[in-house]
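Q: Please take a close look at how the aromatic rings are placed in this model. I would like to follow their surroundings outward, with each cut-off stated.

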Amino acid sequence: MKILLTTLNSKFIHTNLAIRYLKSYTKDLVDADIREYTINNDLDYILKDIYKNDYDVILFSTYIWNVLDIVKLCENIKKVKPNTIIGLGGPEVTYDSENAMEKYPFVDYILCGEGELVFRDLVMYLQGNKNIEDVEGIVYRNNGEIVVNRPKELLQNLDEIPSPYENLDPKEYENRIVYYETSRGCPFNCQYCLSSTLKGLRYFSIDRVKKDLKALIDARVSQIKFIDRTFNANKKFAKEIMNFLMENDNDYTTYHFEVTAHLLDDDMLEFLSNCKEGLFQFEIGVQTTNQKVLDAVGRRDDFTKLSKVVKKIASYRNIHQHLDLIAGLPYEDYASFENSFNDVFNLGIEHLQLGFLKMIKGTGVRKTANEHGYKYKDYPPYEVLYNNYISYSQILKLKDIEEILEKYYNSKNFVLSMRYIIFNYYKESPFKFFEEFATYFDKNGYFDVAQGKNQLYKILLDFYNESINKNNDLFNDILKYDYISLGKTSNIPQFFNKLDMEDFKNRCHVFLQDESNISKYLPNFENKPAKHIIKYVHFEPFKFDILELKKDINKNIDKEDNVVMFVYDDKKIFEKSKAYRVSI
């Protein structure tokens, strides 16, 4: 019997942990194949690839981002190879299994809940070693009737699942993100999240986790993304894992954690202060700062404590912090969301994610949708359209704001420009800047077509000159600084006011030929010829003292004709380049 475990990931760099668990948990019964595709692959290509390998059983791992494409594949697989047994597992079918079986007559089985035990029993049934009635957690067809077997109890000893990372092939994970879990469950009960349906926390043993992580570190995977819903729920466990990662740093792999900020105490903060820059990334779900909204969705949080923790970590400048907000929660109107946005934005974090409520099957917020007048898309990802508190027009406005936020703030391509504009002109409400800029974008049709890098800079410059129209020459220099900081460039766009200096190019080479300059500014390039060094630096004259402005956004920065040397370093996560004022 030839079995395929497969899925459609959202991106090529992602890897699916679930199907790897299924394979490892049944390796004594069958040698199942794993094949991963993406939602960007052509469905005909996937169909062909699966068909030519002639599988007897195919099991798909389904989520809100891939289920629509997967069911199309399943239907066509049944048409071209009718005897193929098709099963679906994953959260997108677990909470609506009977309806899914009725809707998709070409599906033979749905595996509900944690899949490892269910899949193992199903394999034993297909091999003739178990009765289908005894396969707990399975939904199947019997003479045209849909049968739902009793649910499978949760696996209490997670170490019973053999590690999928024993004897791994490094090529399988080359340049990809590995998703990893140290625990299952969540200590919280947020009603918009599927984790609220599982009570309690279960952990893999610390020795198992360390062994897995060491294998992945030795394989030099690019990033390990921990999918624990609250990684720091157990402080001792989290600290030991993080310390292990710090001690085994390979100077290549980075780590992403979902943490609850108000649970980080002073001892943990002191520990984190010693972390190498860029090694850890934190994702912190705030969702809203409106207490009534938090109470409505059953979320426990302490924004005062969270704020102190986030600011403290930000002061270390070693951990990238990604904070999340959700638009469309119960009782949160447009004005309340603006307040939540400003509260979080003013923490000075690197990335602010503006998301929209998804009415996911099985969640409490979907079950109580009528109480709050929710209207939402009836197909994945079930995103909210409006409710009693926020209109569809306001949701659309927030969608535009989200796009501006991604392009101009989260991209880190306009760091100094954003700081200057918001601090000087929108300090009372940073939200108002994104709102007004989004309106300007929409009015000029810029959302209608993709905008290239240079055009994004020109649009911001035009908006500033038209809408703010103060210190325009200064802002030109600020925006030009951001542009050059991104990476080595030979041509500065014409819309920037460029200063000309006599014999500038030659003077730059003379500067790089001076060993004292190299020793002071570019020690890594000692004994290298100027023609080699010039590939990694850029000299640019500015009318204003941008570096002083960078230190203090409100400083007096009048200074004529100073030259900045940009040194490009891809390893820096907070800045794209280093910059020095030099005399040439």
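A: Arg176 lies over the face of Phe12, at 4.9 Å from the ring centre (a charge sits over a ring if NZ of Lys or CZ of Arg is within 6 Å of the ring centre and within 35 degrees of the ring normal). The model is predicted, so local features need pLDDT of at least 70 and side-chain atom pairs count only at pLDDT 80 or more, whereas totals for chains, interfaces and linings use all residues. Residues are numbered from 1 along each chain as its sequence is written, and side-chain values use heavy atoms, with hydrogens and water left out.

Lys2 is placed over the face of Tyr55, 5.1 Å from the centre of the ring. Tyr55 also helps to line the largest cavity, together with Leu47, Ile50, Tyr51, Ile58, Ile77, Lys81 and Thr84 (on a 1 Å grid over the protein atoms alone, a cavity is a set of points where a 1.4 Å probe fits but cannot get out, and lining residues have an atom within 4 Å of a point). The space in this largest cavity is about 40 Å³ (grid points are joined across faces, edges and corners, and the volume is what probe spheres set on them fill). Helix 2 (residues 43-52) contributes the most to its lining, three residues (helices, H or I of at least four residues, and strands, E of at least two, are DSSP runs numbered from the N terminus).

Another ring, that of Tyr63, belongs to a residue in the loop between strand 3 (57-61) and helix 3 (67-80), and its 18% relative accessibility makes Tyr63 count as buried (buried is under 20% relative accessible area, exposed over 50%, partly exposed in between, with a 1.4 Å probe and protein chains only). Residues up to four places away aside, Tyr63 touches Thr7, Asn16, Ala18, Pro91 and Glu92 (contact means heavy atoms within 4.5 Å).

Turning to rings that meet each other, the structure holds 51 aromatic pairs (ring centres of Phe, Tyr or the six-membered ring of Trp within 6.5 Å; planes under 30 degrees apart are stacked, over 60 edge-to-face, the rest tilted). One of these, Phe341 with Phe431, is edge-to-face, at 5.3 Å centre to centre and 75 degrees between the planes. Because Phe341 lies in helix 12 (residues 334-345) and Phe431 in helix 16 (residues 430-443), the pair ties together parts that are 90 residues apart in sequence. Phe341 counts as buried at 0% relative accessibility, and Phe431 is likewise buried at 0%.

Aromatic residues also appear in the nonpolar cores. In the largest core, of 129 residues, Phe280, Phe282 and Leu460 touch the most other members (a nonpolar core is a set of buried Ala, Val, Leu, Ile, Met, Phe, Trp, Tyr and Cys residues joined through side-chain atoms within 4.5 Å). Helix 17 (residues 453-468) supplies the largest share of this core, eight residues. Beyond its neighbours within four places in sequence, Phe282 is in contact with residues including Met242, Phe257, Val259, Leu264 and Ile313. A second, separate core has 26 residues, Tyr55, Ile77, Ala100 and Cys112 among them.

Val259 and Leu264 are also among the contacts of Asn232, which is buried with a relative accessible area of 4% and lies in the loop between strand 11 (223-226) and helix 8 (235-247).

Key. 1 Å grid on protein atoms, 1.4 Å probe; cavity = no way out; pocket = protein on both sides within 12 Å on 5 of 7 lines; lining within 4 Å.
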